[in-house]
Amino acid sequence: MSVLVTVTTTPNEHALKFSVNKKIIDSGYKTFNNMEEAKDSPVAARIFENAEVASVFIMAEVEGGFISVTKKTEANWNDLKDKILASINDVL
């Protein structure tokens, strides 16, 4: 099954929600604030390869899950969104 990623805005202008139709984690949620914290999560670690990322939040849902990515204040979503989508698709 191919991975379907839907991107939506959040109330925080510095965060986007990437909903995925594939299980990312088994249950619950995880928050990562840097590459070191994300080392055991392949998808979070890959997202952190983008220097403009400030944090990654992963939540399990019944039919998949979502990844909320917060960018650094100076970063631009126009550049970063496609890089994050590519990171998610590469890992999942």
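**Aromatic pairs.** I searched the whole structure, which is a predicted model, for aromatic pairs and found 2. I examined the pair of Phe-57 and Phe-66: the ring centres are 6.0 Å apart and the planes stand at 45 degrees, so I classed the pair as tilted. I then looked up how the rings group, and recorded Tyr-29, Phe-57 and Phe-66 as one aromatic cluster.

**Surroundings of the two Phe rings.** I looked up the relative accessibility of Phe-57, which is 25%, so I entered this residue as partly exposed. For Phe-66 I noted 13%, and this residue therefore counts as buried. I also checked for a charge over the ring of Phe-66 and found Lys-17 lying over its face, at 4.5 Å from the ring centre.

**Strand partners of Phe-57.** Which residues stand opposite Phe-57 in the neighbouring strands? I found Thr-31 opposite Phe-57 of β4, and in β5 I found Ser-68 as the bridge partner of Phe-57. I next looked up the two strand pairings. Strand β3 (residues 29–32) is joined to strand β4 (residues 53–61) by 4 bridges, and the two run antiparallel. Between β4 and strand β5 (residues 64–71) I recorded 8 bridges, again with an antiparallel run. I noted that a hairpin through 2 residues links β4 to β5, and that Ala-60 stands opposite Gly-65 in β5.

**The sheet.** I traced the order of the strands and obtained β1-β2-β5-β4-β3, an open sheet of 5 strands with antiparallel pairing. At the edges I found β1 (5–9) and β3; each has a single partner strand, so one side of each lacks a neighbour in the sheet. I recorded an average twist of 15 degrees from one strand to the next. I then asked which helix packs on the sheet, and which strands it touches. The helix is α2 (residues 77–91), in contact with β1, β2 (15–20), β4 and β5. I noted an angle of about 25 degrees between the direction of α2 and that of β2.

**The nonpolar core.** I kept in mind that in soluble globular proteins nonpolar side chains tend to be buried together. I looked up the largest nonpolar core and found 26 residues in it. Among those with the most contacts inside this core I list Phe-18, Val-56, Ile-84 and Ile-88. At least two core residues come from each of β2, α1 (42–47), β4, β5 and α2. I recorded α2 as the element giving the most to this core, with 5 residues. I followed Ile-88 further, leaving aside its neighbours within four places in sequence. The contacts of Ile-88 that remain are Val-5, Phe-18, Val-20, Val-43, Ile-47 and Ile-67.

**Asn-50.** I located Asn-50 in the loop between α1 and β4. Is Asn-50 buried or exposed? I found a relative accessible area of 11%, so Asn-50 is entered as buried. I then looked up what surrounds this residue, again without neighbours within four places in sequence, and recorded contacts of Asn-50 with Leu-80, Lys-83, Ile-84 and Ser-87. For Asn-50 and Ser-87 I also took the separation of the C-alpha atoms, which is 9.1 Å, although the two residues lie 37 residues apart along the chain.

Definitions and conventions:
Residues are numbered from 1 along each chain as its sequence is written. This is a predicted model: local features need pLDDT of at least 70, side-chain atom pairs count only at pLDDT 80 or more; totals for chains, interfaces and linings use all residues. Side-chain values use heavy atoms; hydrogens and water are left out. Two strands pair if DSSP finds at least two bridges between them. Axes are lines fitted to C-alpha atoms, for helices over the stretch in contact, and angles run from 0 to 180 degrees between N-to-C directions. Contact means heavy atoms within 4.5 Å. Rings of Phe, Tyr and Trp (its six-membered ring) pair if their centres lie within 6.5 Å; planes under 30 degrees apart count as stacked, over 60 as edge-to-face and the rest as tilted. Buried means under 20% relative accessible area, exposed over 50%, partly exposed in between (1.4 Å probe, protein chains only). A charge sits over a ring if NZ of Lys or CZ of Arg is within 6 Å of the ring centre and within 35 degrees of the ring normal. A nonpolar core is a set of buried Ala, Val, Leu, Ile, Met, Phe, Trp, Tyr and Cys residues joined through side-chain atoms within 4.5 Å.
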